[in-house]
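The following exercises concern internal cavities, a sheet and a buried side chain. Please examine the sequence and the structure before attempting them.

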Amino acid sequence: MPDTTTKRVLLAAPRGYCAGVDRAVIAVEKALELHGAPIYVRKEIVHNKYVVETLSERGAIFVDETDQVPEGARVVFSAHGVSPAVRDAAEQRNLLTIDATCPLVTKVHKEAIRFARDERTILLIGHAGHEEVEGTAGEAPEHTIIVNSPEDVDGLEVPDPENVVWLSQTTLSVDETMETVRRLRERFPALQDPPSDDICYATQNRQVAVKKLAPECDLVIVVGSANSSNSVRLVEVALQSGARTSHRIDRATEIRDEWFDGVATVGVTSGASVPEILVRDVVEALAARGFATVEEVRTATEDLMFSLPREIRADLKAKEAERATRA
Ligand code: 0CN
Ligand code: SF4
């Protein structure tokens, strides 16, 4: 039986916002500041309910497709990236676009373009229907086959098994992806690897941290939205790494009393699209249930930052110049 007299929280680090999410959210905020509301955003800027609600309150309008944006208006492309077809559709409507695609997603797009140019078949490991996968596959639809899971591998047919390369979505489980690659290589021994990791540093770091604390936890709470791939993966990784139970929640109010029967140690982490305030609320809610001791479990330090999208930088510069001439 766990010792429930010493209730404690293990707080994973790194957790929460990554550099790409930070940049995308600031891009929408700056666009609102510079140009006023409304600013249209194609799809959720990042997959987090709270972020989307907060930006909506400030004048962002989230749409599913660019044909819902009025002709000539300003639209931000989300952190998950877009296919060339979406860029073309926006151009057709004379939209002013701001591209908040994470540079680490753009890197995968460039790999896809290059491999398609060399006439290779790209086995894109990722979840069909996820915006990032739609965007990356859309760079080379004729050359891309989506591989959803290790179980998908047996049924794959490729035009030339000697000329295949794999790429992946940035926010997958590292272990499951390696298993998919292992099976792919079994079927296609000539399979080529991507030039560098596609699963991004933030996804990897958050999984390493949760792996470290999970074996000590009776319960791991992951803060993140249901459509956030990297957040959902953290629940799976926690369970695979020894947590007795794990739940994903959007906010502290979703915590349920029945989760705490016989629980002494609670792990807490959050996905790459989750603002820290939501984690703070969870830690407070746990303190109110007697889990007052908080220990941080840190496995890496992150200091990566991306410059803002070039359209925003240009607008900020123009504003600055305007101010200087008026002064
Ligand atoms: O939660 P996110 O917005 O997206 P996924 O984990 O669903 O891909 O996190 C930011 C990731 C990106 C791109
Ligand atoms: Fe970029 Fe990774 Fe963050 Fe996605 S999770 S926005 S790929 S840094």
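Three exercises with worked solutions follow.

This is a predicted model, in which local features need pLDDT of at least 70, side-chain atom pairs count only at pLDDT 80 or more, and totals for chains, interfaces and linings use all residues. Residues are numbered from 1 along each chain as its sequence is written, chains are lettered from A and ligands numbered from 1 in the order in which they are written, and side-chain values use heavy atoms, with hydrogens and water left out.

**Exercise 1. Describe the largest cavity and its lining.**

Step 1. A cavity is a set of points, on a 1 Å grid over the protein atoms alone, where a 1.4 Å probe fits but cannot get out; lining residues have an atom within 4 Å of a point. Points are joined across faces, edges and corners, and a volume is the space filled by probe spheres set on them.

Step 2. The structure contains two cavities of 30 Å³ or more, and the largest has a volume of about 280 Å³.

Step 3. Its lining comprises 26 residues; Cys18, Val21, His80, Thr170 and Thr171 lie nearest the centre.

Step 4. Helices (H or I, at least four residues) and strands (E, at least two) are DSSP runs, numbered from the N terminus. At least two lining residues come from each of helix 1 (19–35), helix 4 (103–117), helix 7 (201–213) and helix 8 (229–240).

**Exercise 2. Establish the strand order of the open sheet and the packing of helix 1 on the sheet.**

Step 1. Strands pair if DSSP finds at least two bridges between them. The four strands have the order 3-2-4-5, with parallel pairing.

Step 2. Strand 3 (60–63) and strand 5 (96–99) are the edge strands, each pairing on one side only.

Step 3. Angles run from 0 to 180 degrees between N-to-C directions, with axes fitted to C-alpha atoms, for helices over the stretch in contact. From one strand to the next, the twist averages 30°.

Step 4. Contact means heavy atoms within 4.5 Å. Helix 1 touches strand 2 (39–42), strand 3, strand 4 and strand 5, and its direction makes about 155° with that of strand 2.

**Exercise 3. Explain why Ser231 counts as buried.**

Step 1. Ser231 lies in helix 8.

Step 2. Ser231 counts as buried (under 20% relative accessible area; exposed is over 50%, partly exposed in between; 1.4 Å probe, protein chains only) because its relative accessibility is 0%.

Step 3. Leaving aside neighbours within four places in sequence, Ser231 contacts Val222, Val223, Gly224, Ser225, Gly271, Ser273 and Val274.

Terms used:
On a 1 Å grid over the protein atoms alone, a cavity is a set of points where a 1.4 Å probe fits but cannot get out, and a pocket is an open set with protein on both sides within 12 Å along at least five of seven lines; lining residues have an atom within 4 Å of a point.
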